[in-house]
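Student: I have a structure open and would like to learn how to read it. Could we go through some features together?

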Amino acid sequence: MSRAELRAVGLVRRYGGLTAVDHVDMSAPPGMITGLIGPNGAGKSTLFKLLTGVEQPDEGAVLLGDRDISKLRPDKRSRLGLVQTFQVPSLFTSMTVRDNLLVGVENRRRDYGGGLFGLGVRKNPSHEQVVDDMLASLGLSDLADFVAGSLPTGALRLAECARALCAHPDVLLLDEPASGLDAVETERFSALLRRIADAGVAIVLVDHDVDLVFTVCDQVYAMVGGKVVAHGDPATVRANPTVQSVYLAQGSVAA
Ligand SMILES: Nc1ncnc2c1ncn2[C@@H]1O[C@H](COP(=O)(O)OP(=O)(O)OP(=O)(O)O)[C@@H](O)[C@H]1O
Ligand SMILES: [Mg+2]
């Protein structure tokens, strides 16, 4: 099945006199990992909220394929295949990991007849089998019966991502998914993102870990002061003089 591209066209979001997102165009095509970087206050989270529907734009539009979804609330967008994870994981803390993933299955966009992103989910599975296979694929099987609130951060983030994947999204929007992951978990997570993108999903990744973004993404948008200041493949964006000056000033990106 061909999947739809997510696009932002001329997006503007103002808070009083401040323009947090200032005429931003971006596109997240199927099969690609699109990264969004920028210093504190650049407008990343605001743009993310405009894409997910948590906020409405003052100008411009969000398109999923040919459809203008700018006015749709997050739950409507998720029914169209746009699924997000949150900067603060939003699992039900008193429910087990398994039951949290079952919620994702209930919210699924379409059936799993063709498998699930090459993630080792068997063909034509029951709901429970989707969850079992997904947990195994993400190395979370041992935690299935723990309540989510008892998990360490790394496992919690992976479980949140697993729940989003159970919904079988066309577009996966990830806000700071790697914060709190250790080096091994981050590497495993990067490989997971690649497998999901290879299955045709459009992934949008916002993360403070610019090294992760540059390593895992196919294309990167760099924002400063609400505007996109650089866009292209990771090497191009990394070499951009504005990006260099912003991050070298913060001492966080090697050329
Ligand atoms: N609800 C709001 N009301 C007023 N101003 C806001 C609101 N949300 C964000 N802003 C302002 O908009 C600008 C962009 O903020 P945003 O949170 O999008 O940046 P960010 O790139 O996500 O930053 P960070 O890296 O710190 O998360 C900032 O100046 C911020 O103070
Ligand atoms: Mg933010």
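Student: Which residue follows H1, and is its phi positive or negative?

Tutor: Happy to help, and keep in mind that this is a predicted model. For a question like that, find the end of the helix and look at the next residue. Here Gly 53 comes after H1, and its phi is positive, near 100 degrees.

Student: How many residues of helix H1 are buried?

Tutor: To judge this, look at each residue's relative accessible area: buried means under 20%. Helix H1 covers residues 44-52, and seven of its nine residues are buried, so the helix is mostly covered. Among them are Leu 47, Phe 48, Leu 50 and Leu 51. Lys 44, Thr 46 and Thr 52 are buried residues of H1 too.

Student: Is Cys 166 buried or exposed?

Tutor: Use the cut-off again. Cys 166 has 0% relative accessibility, so it counts as buried. You will find Cys 166 in helix H5, which spans residues 153-166.

Student: How far apart are the C-alpha atoms of Cys 166 and Val 131?

Tutor: Here you compare separation along the chain with distance in space. Cys 166 and Val 131 are 35 residues apart along the chain, while 7.4 Å separates their C-alpha atoms.

Student: In what order do the strands of the open sheet come?

Tutor: Follow the pairing from one edge to the other. The four strands run E2-E1-E4-E5, with antiparallel pairing. E2 (18-28) and E5 (67-68) are the edge strands, each pairing on one side only. Inside the sheet, five bridges connect E1 (residues 6-15) with E4 (residues 59-64).

Student: Which residue in E4 stands opposite Val 12?

Tutor: That is Glu 59.

How values were computed. Residues are numbered from 1 along each chain as its sequence is written. Chains are lettered from A and ligands numbered from 1 in the order in which they are written. This is a predicted model: local features need pLDDT of at least 70, side-chain atom pairs count only at pLDDT 80 or more; totals for chains, interfaces and linings use all residues. Side-chain values use heavy atoms; hydrogens and water are left out. Two strands pair if DSSP finds at least two bridges between them. Helices (H or I, at least four residues) and strands (E, at least two) are DSSP runs, numbered from the N terminus. Buried means under 20% relative accessible area, exposed over 50%, partly exposed in between (1.4 Å probe, protein chains only).
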